[in-house]
Amino acid sequence: MATAIFSGQYGNNMTLEVWSDWNRQDIASNSSTVNVQARLRTNGYASMYGATADLTLRINGVTNVEHPSINIGTSSSQFIYAHDYVVPHDSDGTKTVNIQVSLNLNTAGYGSSTVEFNLPLPTIPRASDVSASIGTIGSAMTINISRKDSAFKHTVKYSFGSNSGTIATNVDTSCSWTPPADLATAIPNDTSGIGGITVDTYSGSTMIGSKSAQLTLNVQDSVKPTLSSVTLTDTNTAVKNLLNTANTFVQVLSNVQVTFNGASGAYGSTISSYRAEIVGKNQNTNSNNGLLGMMNYNGAVTIRATITDSRGRTSDPVNVQATVLEYFTPQLSFSAQRSGSDGTTITVFRNAKIAPLTVGNNQKNTMKLAFKYKEHSATSFTTDIGSAGGTWTTISSLTNSSANLGASFSVLKSYDIIGTIEDSFTAPYRDWE
């Protein structure tokens, strides 16, 4: 309550009293009903009858004028005004209302009196707070809400990239949410992204307000690109056609091309790089249909392929077992001597060897031997058609193997003999005798 005496000759004998009582809140409308009351009080020297006064009230910045009748004796009080005002609160629920009441008597030596005071109103609970949330797409997370009134209920919503939706309704202080897997499509180039959680606060069916907080979502480690398979192709057509066997290659001669099949990103990611390697051999390619290079070794090898996507995630490896068959250039040495009863026959003793290239117990390489001769003084050679030369498809070596040349060689002359060897991949390699 606040009081003030009147002006005028006898004003100090009369007091204006103003107070506010019986106030009540309306949470839904964020307002309070403020009751303002006023009365006069006299001492033993003041009285007034039959007067009409001007009562000016300015409540929360709004002014109105009343005209109460004044009838009061000495040492008495008169109730002259009571009214309820609906005062809206600030958005945060706080409010201090200014109350100003002036009564102008201006009669019988009494002037006017003004009472003014600020009335702090109790804070009205407003929209609930939601804390920042960090979660993983596809895994359950908890969203916590701090409400201002135990009766409040909430609708919880999310936004992430271009995606949005309602998580839960009629929520008290927390709810569990599993961010759907397809939210990862909003961040195809990152493993983490930022969105928002919004909480709408309700008192009954009336929405009090909304508050939001940052939402950080991580992409699960299991979300990564996939590679179905790889195809290994020998770019050496001669080797490829000869062996005609998948994932089998020849030392030095083969150069493997790696084709990546079924390379696919995950939830919007794109493939950014390829890699294939021969494990432990320091040979690799970083492109689809790339080449691994010459393999100067033989035996079983593992070719491992992976892809990496725009998130920087790498696929599970695809391993392919391959065989590199030993290869060496054909080798030939021989000696020749005259034979037969008259010495006109020449027998050659052959030591020949080619890489066997055995696939499934089948020798794939072909060995060819050829001989030619000339008289020592002659300038050109003649191809021999005897049994010393020939083609072998099932064996890969001859050791001190004897055979005769087909021509007849005069005992009165000396001869030069050339032997040549080749396999399925080489031009003739020759040895002189």
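# Exposed turns, salt bridges and a buried arginine

Asn106 counts as exposed, because its relative accessibility is 54% (buried is under 20% relative accessible area, exposed over 50%, partly exposed in between, with a 1.4 Å probe on protein chains only). The model is predicted, so to speak of local features a pLDDT of at least 70 is needed, and side-chain atom pairs count only at pLDDT 80 or more, while totals use all residues. Residues are numbered from 1 along each chain, and side-chain values use heavy atoms, without hydrogens and water.

## Two residues with positive phi

Let us stay with Asn106 for a moment. Its place is in strand 10, residues 95-107 (a strand is a DSSP run of E of at least two residues, numbered from the N terminus). Its phi is near 50 degrees, a positive value in a residue other than glycine.

Ser75 also has a phi near 50 degrees, positive although the residue is not glycine. Where does Ser75 lie? Ser75 is found in the loop between strand 8 (69-72) and strand 9 (77-88). With a relative accessible area of 54%, Ser75 is exposed.

## Salt bridges across the chain

How many salt bridges does the structure hold? There are 12, each being a side-chain nitrogen of Lys or Arg within 4 Å of a carboxyl oxygen of Asp or Glu. Here are three of these pairs to look up in the model.

| Pair | N to O distance | Separation |
|---|---|---|
| Arg39 and Glu17 | 2.6 Å | 22 residues apart |
| Asp129 and Lys148 | 3.7 Å | 19 residues apart |
| Lys374 and Asp416 | 2.9 Å | 42 residues apart |

We can start with the pair of Arg39 and Glu17, whose side chains meet at 2.6 Å. Arg39 sits in strand 4 (residues 31-42) and Glu17 in strand 2 (residues 14-20), so their pairing ties together parts of the chain that are 22 residues apart in sequence. Arg39 is partly exposed at 23% relative accessibility, whereas Glu17 is buried at 7%. The two also belong to a network of salt bridges that links Glu17, Arg39 and Arg41.

Next comes the salt bridge of Asp129 with Lys148. This pair links distant parts of the chain, with Asp129 in strand 12 (residues 129-130) and Lys148 in the loop between strand 14 (141-146) and strand 15 (153-160). Asp129 counts as partly exposed at 30% relative accessibility, and Lys148 counts as partly exposed at 39%.

In the pair of Lys374 and Asp416, the side chains meet at 2.9 Å. Lys374 belongs to strand 32 (residues 367-375) and Asp416 to strand 36 (residues 415-422), so here too distant parts of the chain are linked. Are these two residues buried or exposed? Lys374 is buried at 11% relative accessibility, and Asp416 is buried at 16%.

## A buried arginine without a partner

Side chains of opposite charge can pair when their charged atoms come close. Arg311 offers another case: this residue is buried yet has no salt bridge. Which side chain of opposite charge is nearest to Arg311? It is that of Asp309, 4.2 Å away (Lys and Arg count as positive, Asp and Glu as negative).

Arg311 lies in the loop between strand 26 (299-309) and strand 27 (318-325). Leaving aside residues up to four places away in sequence, Arg311 touches a set of residues including Ala184, Thr185, Ile187, Pro188, Asn189, Asp190 and Thr191 (contact means heavy atoms within 4.5 Å). Also among its contacts are Val219, Val223, Ala266, Tyr267 and Ser269.

Key. Helix = DSSP H or I, 4+ residues; strand = E, 2+ residues; numbered from the N terminus.
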